[in-house]
Amino acid sequence: MGVAAGPIRVVVAKPGLDGHDRGAKVIARALRDAGMEVIYTGLHQTPEQVVDTAIQEDADAIGLSILSGAHNTLFARVIELLQERDAADIKVFGGGIIPEADIAPLKEKGVAEIFTPGATTTSIVEWVRANVRQPAGA
């Protein structure tokens, strides 16, 4: 975590009850094809499972995919758990069906970036490369 050498490690997760994972798999593949190590957790993960996986895998970032409408609750819980477990240096980004009005409050809670429908895999890969493992204040 932080300034580790080697490929960027990203946990891609589908928290909650949402059963649609095509987008998460597309993002996982794009990150992998860009040379990152990707750990895909599968469907129906709890925030606790996502954070446990990220810590166990020494992840640099967590990418959450949420289409169910539970983004405010699930993103906030992941951020809270990372802080509780002294792992707040793991960046959290996400995407899915997230209303524009919810993006700023999510970022205020600590979500680094939100990608909405129409975001390209290239833009997501570039964002991860530019923003993960950056020192605080950089």
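Residues are called buried when their relative accessible area is under 20%, exposed when it is over 50%, and partly exposed in between, as calculated with a 1.4 Å probe on protein chains only. The structure is a predicted model, in which local features need pLDDT of at least 70 and side-chain atom pairs count only at pLDDT 80 or more, while totals for chains, interfaces and linings use all residues. Residues are numbered from 1 along each chain as its sequence is written, and side-chain values use heavy atoms, with hydrogens and water left out. Helices (H or I, at least four residues) and strands (E, at least two) are DSSP runs, numbered from the N terminus.

Five strands were assigned to one sheet. This open sheet has 5 strands in the order S2-S1-S3-S4-S5, and the pairing is parallel; two strands are taken to pair if DSSP finds at least two bridges between them. S2 and S5 each have a single partner strand and stand at the edges, so one side of each is left without a neighbour in the sheet. On average, neighbouring strands are turned by 20° against each other, direction ignored. Axes here are lines fitted to C-alpha atoms, for helices over the stretch in contact, and angles run from 0 to 180 degrees between N-to-C directions. Between S3 and S4, which run parallel, there are 6 bridges, and Ser 65 stands opposite Gly 95 in S4. S1 and S2 are joined in the parallel sense by 4 bridges.

In a regular strand the side chains alternate between the two faces of the sheet. Strand S1 is mostly covered, with 5 of its 5 residues buried. Its two faces are both covered: Arg 9, Val 11 and Ala 13 are buried on one side, and Val 10 and Val 12 on the other. Arg 9, which is placed in S1, has Glu 37 in S2 as its bridge partner. A polar atom of the Arg 9 side chain lies 2.7 Å from the backbone oxygen of Glu 57. A polar contact is a pair of N or O atoms within 3.5 Å; within protein, one must be able to donate a hydrogen and the other to accept it, and residues adjacent in sequence count only if both atoms are side-chain atoms. With neighbours within four places in sequence left aside, the residues in contact with Arg 9 (heavy atoms within 4.5 Å) are Glu 37, Ile 39, Glu 57, Asp 58, Ala 59, Asp 60, Ala 61 and Arg 133.

The helices were examined next. Helix H1 (residues 22-33) lies across S1, S2, S3 and S4 and runs at about 160° to S2. In helix H2 (residues 47-56), the buried residues are Pro 47, Val 50, Val 51, Thr 53 and Ala 54. Seen down the axis of H2, these buried residues fall within an arc of 160°, so they line one face of the helix; the arc is that of the directions from the helix axis to the C-beta atoms. They pack against strands S1 (9-13), S2 (37-40) and S3 (61-66) and against helix H3 (71-84). Asp 58, just after H2, takes a positive phi of about 55°.

Helix H4 (residues 100-109) has Asp 102, Ile 103 and Leu 106 as its buried residues. Viewed down the H4 axis, they fall within an arc of 110°, so they line one face of the helix. Exposed residues Ala 101 and Glu 108 are carried on the face of H4 turned away from its buried side. The cover over the buried residues of H4 includes H3 and S5. Gly 110, just after H4, has a positive phi of about 120°.

Asp 86 lies in the loop between H3 and S4 and counts as exposed at 70% relative accessibility. Its C-alpha is 9.8 Å from that of Ile 55, although the two residues are 31 residues apart in sequence.

Rings of Phe, Tyr and Trp (its six-membered ring) pair if their centres lie within 6.5 Å; planes under 30 degrees apart count as stacked, over 60 as edge-to-face and the rest as tilted. This rule gives 3 aromatic pairs. In one of them, the ring centres of Phe 93 and Trp 127 are 5.5 Å apart with planes at 55°, so the pair is tilted. Phe 93 is in strand S4 (residues 91-96) and Trp 127 in helix H5 (residues 121-131), and the pair links parts of the chain 34 residues apart. Phe 93 and Trp 127 are both buried. The rings of Phe 115 and Trp 127 have centres 6.0 Å apart and planes at 80°, so this pair is edge-to-face. Phe 115 lies in strand S5 (residues 113-115) and Trp 127 in H5, so the pair ties together parts 12 residues apart in sequence. Phe 115 is also buried. Ring pairs thus link Phe 93, Phe 115 and Trp 127 into a cluster.
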